[in-house]
Structure formats: C-alpha cells, structure tokens
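Welcome! Please take a moment with the sequence and the structure shown here before reading on.

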Amino acid sequence: MTPVRLVFAEDNFLVREGVRRLLAASEALQVVAVCDGLDQALKAIAEHVPDVVLTDIRMPPTHSDEGIRIAEECRRTYPTMGVLLLSQYAEAGYVKVLLRHGTDRRGYLLKERVASIGELTSAIEAVASGGTAIDPRVVEALVQVRARAGDAKLDRLTPREREVLAGIAQGHTNAGVAAELFLSQHAVEKHINSIFGKLGLTGDTRHHPRVRAALMFLAEDRH
C-alpha cells in the first residue's frame, strides 16, 4: 500500500520532534516535510503537494489562526488535499471555520490524542481518503455551543438523542454507537431516524453522508 504523504507543521520543538518520530515509525505514513510556521508550511505544501497537511492551529508569525489559514489555502489551491488540525483545546469557533465550506478531507484532533499512533494514523488516513476526523471532545463542544445558544432544533432532541448525535458526528457506526451507549442497534436506528426528522437533515442515515450532515448542522453559523 502506498503510504500517505504528509507535511507536518508545529512550532513547539518538543511536540514537533515527538510527533515526527511517531509518524516516521509508521509504514502507512511518509513525512515529506516538517515545518515550524505558516510561511515555511505554505512553501513545503507547494513544493511537495502532500496527501495531507497535519498542522498546529497557532504558529508563527501571529500565533493565532495559522492552521485555519493553511486549511483555507489548501481548499482554494489543492481541493483534494486533506488537512488535519491539532490543538490543545476544543475550540468550537475554529471548527466552525474549518468546516464552513464542507467536511470532506478535514479533521480536528486534540494534541493529547497524538500520543496514540493508532488514533493519529486512523485520523490521517480518514482525511486522506476524503472523510472527516473530529475529536469526540470537539463534537461535545459543538453540541454545547448550540445548546447554550438556545438552538430550537437541538432543544427538540432528548438527552439520549444528543448522545447519539455526538456519536454520529464522530463517525461511529450504528454498532459503535450502540456499544458506547449500551443500546441495541435497533434502538440506535430509531434514535437516528428521530434525530434526522427533528433537525431537518437529509442523507443516507446508514452510511457516511450522515456524518457530514450531523457535523454541518453542529458547525452551522446561526448568526
């Protein structure tokens, strides 16, 4: 199998070296460039045209939203390139910006997850193949933001349906959601049908489009 080609951008030396070594140890991944800031990352992306860019959000020169800017540049210039953001925090605002033009080939992981090469590799491969990888805590943050904003549609959901919605947005199968919540698959299917009806979502409730629908609903800018 051809390895996923990566450009990795992170300004913290210890994090950068630690993650680089993890990535280098995986036969499924090939790191083609390692960068420590926005300008260097954009040059490396243009030179190598990787399958996926793995990048911190806050880097030089401004330590604000460099990862988001990289994602937007890739969306414009390299639409088939995946971008997986790394952050210390589950920041719903950044997720909304990341997903505002679609969820395909986009991901957002908390840095605490990178200690597991299995989780990190799975997220990179999902993004490389056109899918989405969103950290469970980030999905929870999106749900909480919508709830605090008094979203009328979200208010229609029962507490159990909110839990199922979070599972859907994380990409879990019906069986995965059932196992996590100690429900039968039949019960999960009933909850999903109810969720999609209450939220006015469309799409195949059994396969991947439901993940995109759920995430786009959660990340939608209501203002």
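The report below walks through a predicted model, beginning with the sheet.

## The sheet

A good place to start is the open sheet, which has 6 strands in the order 2-1-3-4-5-6 and parallel pairing. Strand 2 (29-35) and strand 6 (132-134) stand at its edges. Each of these two has a single partner strand, so one side of each is left without a neighbour in the sheet. From one strand to the next, the twist averages 20°. As general background, strands of a sheet pair through backbone hydrogen bonds, and the pairing may be parallel or antiparallel.

Now look at one pair inside the sheet. Strand 1 (residues 4-9) pairs with strand 3 in the parallel sense, over 4 bridges. Within this region, Leu6 has Val52 of strand 3 as its bridge partner. A helix also meets the sheet: helix 5 (residues 117-128) lies across strand 1, strand 2, strand 3, strand 4 (82-87), strand 5 (106-110) and strand 6. Helix 5 runs at about 145° to strand 4.

## A closer look at Val52

Is Val52, a residue of strand 3, buried or exposed? Val52 has a relative accessible area of 0%, so it counts as buried. Leaving aside neighbours within four places in sequence, Val52 is in contact with Val4, Arg5, Leu6 and Val7, and also with Gly82 and Leu84. Ile124, Val127 and Ala128 complete its list of contacts.

For a sense of distance, try finding Phe217 as well. Val52 and Phe217 are 165 residues apart in sequence, and their C-alpha atoms are 25 Å apart in space.

## Helices that pack together

Two helix pairs are worth comparing by eye. In one of them, helix 3 (66-77) packs against helix 4 at an angle of about 10°, with the axes 10 Å apart. The angle makes helix 3 roughly parallel to helix 4. On the helix 3 side, the residues that meet helix 4 are Ile68, Ala71, Glu72 and Arg75, while Tyr94, Val97 and Leu98 are their counterparts in helix 4. By class, the residues of this contact divide into 5 nonpolar, no polar and 2 charged.

Helix 4 (residues 92-99) also packs with helix 6 (residues 136-148), at an angle of about 100° and with the axes 9 Å apart. This makes helix 4 roughly perpendicular to helix 6. From helix 4, the contact uses Ala92, Val95 and Lys96, and helix 6 brings Val138, Ala141, Leu142, Val145 and Arg146. The contact of helix 4 with helix 6 has 6 nonpolar, no polar and 2 charged residues. In general, an α-helix has 3.6 residues a turn, so residues three or four places apart point the same way.

Further along the chain is helix 8 (residues 159-169), where Glu161, Val164, Leu165, Ala166, Gly167, Ile168 and Ala169 are buried. Just after helix 8, Gly171 takes a positive phi of about 90°.

## Backbone details in the loops

Most residues other than glycine have a negative phi, and most peptide bonds are trans. With that in mind, three spots in the loops deserve a visit.

Val49 is not a glycine, yet its phi is positive, about 45°. Val49 is found in the loop between helix 2 (38-48) and strand 3, and at 39% relative accessibility it counts as partly exposed. Phe182 is another non-glycine residue with a positive phi, in this case about 60°. Its place is the loop between helix 9 (174-181) and helix 10 (185-199), and Phe182 is exposed, with a relative accessible area of 77%. Finally, the peptide bond from Pro60 to Pro61 is cis, with omega near 15°. Pro61 belongs to the loop between strand 3 (52-56) and helix 3.

## The cysteines

How many disulfides does the model have? With a disulfide taken as a pair of cysteine sulfur atoms within 2.5 Å, the count comes to 0. Cys35 is in no disulfide, and the nearest cysteine sulfur to its own, that of Cys74, is 11 Å away. Seen from the other end, the closest cysteine sulfur to that of Cys74 is in Cys35, and 11 Å is too far for a bond.

Both residues are buried: Cys35 has 2% relative accessibility, and Cys74 has 1%.

Notes:
Residues numbered from 1 in each chain as written. Predicted model: local features only at pLDDT ≥ 70, side-chain atom pairs only at ≥ 80, totals over all residues. Heavy atoms only, no water. Buried < 20%, exposed > 50% of the residue type's maximum accessible area, 1.4 Å probe, protein only. Pairing = 2+ DSSP bridges. Axes fitted to C-alpha atoms, helices over the stretch in contact; angles between N-to-C directions. Contact = heavy atoms within 4.5 Å. Parallel < 35°, antiparallel > 145°, perpendicular 65-115°, else oblique. Nonpolar A, V, L, I, M, F, W, Y, C, P; charged D, E, K, R; others polar.
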